[in-house]
Amino acid sequence: MKRIATTIIALAAAVASAQAQQTPQRIIVFDTERGATAYQTGPLERTEVGRATLKCAYRLRWAKDRAQDKWVEQTFILQCGPTVSKFYDQRVRAIDDMLQTAAATDIQNNPAPYTGGDRLTVFQNMPAGSLTLLDSFSAEFYRCVEPMPEFGWTIGDQTCEILGYTCRRADCTFRGRSYTAWFTEEIPLGCGPWKFHGLPGLIMAVEDSQGDYSYRIEGIEQCDEAIDIDTRQYIDTERKRYLRRKHQFLLDPIGFYSRNSGVNLTITKEDGTRNTAVEEQLRSDSLTYDFQERDYRDAGR
């Protein structure tokens, strides 16, 4: 797998060099496990959009392939402030810090330190009254802005204890899935992981009825730190269109990149011949899982 990724880095870096001698430089890494990840080297400007008074760590567990009993576990950070919250992968934050001083050859020669994590980032109430989602796939960075969604929670009487806090149960149906959440009024912040919000206390855990996606808090600490956003060239797009494009990309990452960039990418063996077996491995007729939001399939283009 490492050799596949290194081969594609070298190709993508060569393409970028041929097309434009400039910094920052975008590099695309393909591998058989993740599909593809975009990297941008050079200085990265960040703009403060709020202040966090609480920082929480959540463990996300989701079913990538139930037939093969394959699950993915990831750790995300939620920064909560009086007006804005940010949900992001700390691993990706560390990678972006390293990329500010990295060269394309650094990634090509040793890609491992720059891989991993999830580029999905969610800002609640930024801008005011709106939710902003950032993500990256293929060679692009995407931004979706929508009104703060309504979850229509039903709060029940059932309680449990999480991290020593008394939590109450709440249920809702949202964009194709039914969820059960546990929130604590002992921390009167109405935010939570991912897009979840709107309860009279911090959301400590939430899971969909099929058990495909579950979030559970693992740590809480008080803080006083900046909530910031990366300054990049984002493609602004509507939420359902973004999900449809991401689905198309995951089915055929090389084909998607080639169609949208105008650059014909191929994977080659050490002898220089085309590695069609690996290219086919990256291509699929269907995914073994579905996105958390499932209302994009029947949407018009």
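These questions and replies set values from a predicted model against the definitions behind them.

The model is predicted, so local features need pLDDT of at least 70, side-chain atom pairs count only at pLDDT 80 or more, and totals for chains, interfaces and linings use all residues. Residues are numbered from 1 along each chain as its sequence is written, and side-chain values use heavy atoms, with hydrogens and water left out.

Me: What makes S3 and S13 a pair of strands?
Reply: Strands are DSSP runs of E with at least two residues, numbered from the N terminus, and two of them pair if DSSP finds at least two bridges between them. Strand S3 (residues 46-65) and strand S13 (residues 213-230) have 15 bridges, in the antiparallel sense. One of the bridge partners in S13 is Gly-219, opposite Ala-57.

Me: Why are S9 and S14 placed at the edges of the sheet?
Reply: The open sheet has 12 strands with mixed pairing, in the order S9-S10-S11-S12-S13-S3-S4-S5-S6-S7-S8-S14. Strand S9 (154-162) and strand S14 (234-236) each have a single partner strand, so one side of each lacks a neighbour in the sheet.

Me: How do you know that H2 lies across the strands, and at what angle to S5?
Reply: Helices are DSSP runs of H or I with at least four residues, and contact means heavy atoms within 4.5 Å. Axes are lines fitted to C-alpha atoms, for helices over the stretch in contact, with angles from 0 to 180 degrees between N-to-C directions. Helix H2 (residues 90-99) lies across S3, S4, S5 and S13, and runs at about 75° to S5.

Me: What makes the space lined by Val-92 and Asp-96 a cavity?
Reply: On a 1 Å grid over the protein atoms alone, a cavity is a set of points where a 1.4 Å probe fits but cannot get out. The structure holds one cavity of 30 Å³ or more, and about 230 Å³ of space lies in the largest cavity. Lining residues have an atom within 4 Å of a point; there are 20 here, and Val-92, Asp-96, Arg-119, Thr-121 and Asp-230 lie nearest the centre.

Me: Which residues of that lining count as charged, and how many are there?
Reply: Asp, Glu, Lys and Arg count as charged. The lining of the largest cavity has 11 charged residues, beside seven nonpolar and two polar.

Me: How confident is the predictor in this protein?
Reply: pLDDT is the predictor's confidence in each residue, from 0 to 100. The mean is 86, and 86% of the residues reach 70 or more. Over residues 1-22 the pLDDT is below 50.

Note on methods. 1 Å grid on protein atoms, 1.4 Å probe; cavity = no way out; pocket = protein on both sides within 12 Å on 5 of 7 lines; lining within 4 Å. Points joined across faces, edges and corners; volume = space filled by probe spheres on them.
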